[in-house]
Amino acid sequence: MHLPEDDQIFLKERDYDWSVHPGDSQGGFLVIRNFDVIGGGFSPNTTDLMIRIPSQYNMAFLALWYCAPPIRLAATGRFAQASEVTELHLGRTWQRFSRHLPPGVWRPGIDGLHTFMPLIWRELQGLLRKT
């Protein structure tokens, strides 16, 4: 499994430490190591971020991401809404975040990480990056 060239450029331009891992017939995984989440009010301050890449990507949309180690809201010690479930992938236990783009927003063959990452930045870093 590999990412489209546009996605690879997107990740390299942001200086992420990333790798792609095969999964099963459903697709694979993108892992971004040491992803900073302190701006989103989470503890610990960094986590590995994993995004499920469907086998039909980028015709199929991105919908799920995961964190390991699990992160909690620093102020309360609780999990963020819809992030309480854990799953085993790549030999590790991952905290699943179930977040979705609004219906009809994903443009098959056009959208990619540049469309989906702003959702993650907003949720985990407390901001919407324009880069």
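## The end of helix α2

Let's start right after a helix: Gly126, which comes just after α2, takes a positive phi of about 70°. Keep in mind that what you're looking at is a predicted model.

Now step back into the helix itself. Ten of the 13 residues of α2 are buried, so the helix is largely enclosed by the rest of the structure. Among the buried ones are Leu113, Phe116, Met117, Ile120, Trp121 and Leu124. An α-helix has 3.6 residues a turn, so residues three or four places apart point the same way. What do the buried residues of α2 pack against? Their neighbours are α1, β2 (27–36), β3 (42–43), β4, β5 and β8.

## Two helices meet

Take one of those neighbours, helix α1. Helix α1 covers residues 5–13 and α2 covers residues 113–125; the two pack at an angle of about 40°, and their axes are 10 Å apart. That angle makes α1 oblique to α2.

Who does the touching? On the α1 side you'll find Asp7, Phe10 and Leu11, and on the α2 side Leu113, His114, Met117 and Trp121. Sort these contact residues by type and you get five nonpolar, one polar and one charged.

## A strand with both faces covered

Next, have a look at strand β5, residues 64–68. How many of its five residues are buried? The count is five of five, so to speak a strand that is mostly covered. Leu64, Tyr66 and Ala68 point one way from β5, while Trp65 and Cys67 point the other way, and all are buried.

Strand β5 has partners too. It pairs with β4 in the antiparallel sense over four bridges, and Ala68 of β5 is the bridge partner of Asp48. Strand β5 is also joined to β8 by four bridges, and these two strands run antiparallel. Here Leu64 has Ser98 of β8 as its bridge partner.

## A hairpin next door

Strand β8 has another partner as well: β7 (residues 86–89) pairs with β8 in the antiparallel sense over four bridges. As an example, Leu88 stands opposite Thr93 in β8.

Follow the chain from β7 to β8 and you go round a hairpin, with two residues between the strands. Which residue in the turn has a positive phi? That's Leu90, at about 55°.

## Charged pairs

How many salt bridges are there? The count comes to five. One of them joins Asp48 and Arg92, whose closest N and O atoms are 2.9 Å apart. Asp48 sits in strand β4 (residues 46–54) and Arg92 in strand β8 (residues 92–98), so this pair ties together parts that are 44 residues apart in sequence. Is Asp48 buried or exposed? It's buried, because its relative accessible area is 13%, and the cut-off for buried is under 20%. Arg92, at 32% relative accessibility, counts as partly exposed.

Another salt bridge is made by the side chains of Arg96 and Glu87, 2.9 Å from N to O. Arg96 has 24% relative accessibility and counts as partly exposed. In a further one, the side chains of Arg107 and Asp111 meet at 2.6 Å, N to O. Arg107 is partly exposed, with a relative accessible area of 43%, whereas Asp111 is buried, with just 1%.

Methods: Residues numbered from 1 in each chain as written. Predicted model: local features only at pLDDT ≥ 70, side-chain atom pairs only at ≥ 80, totals over all residues. Heavy atoms only, no water. Axes fitted to C-alpha atoms, helices over the stretch in contact; angles between N-to-C directions. Parallel < 35°, antiparallel > 145°, perpendicular 65-115°, else oblique. Contact = heavy atoms within 4.5 Å. Nonpolar A, V, L, I, M, F, W, Y, C, P; charged D, E, K, R; others polar. Salt bridge = Lys/Arg side-chain N within 4 Å of Asp/Glu carboxyl O. Buried < 20%, exposed > 50% of the residue type's maximum accessible area, 1.4 Å probe, protein only. Pairing = 2+ DSSP bridges.
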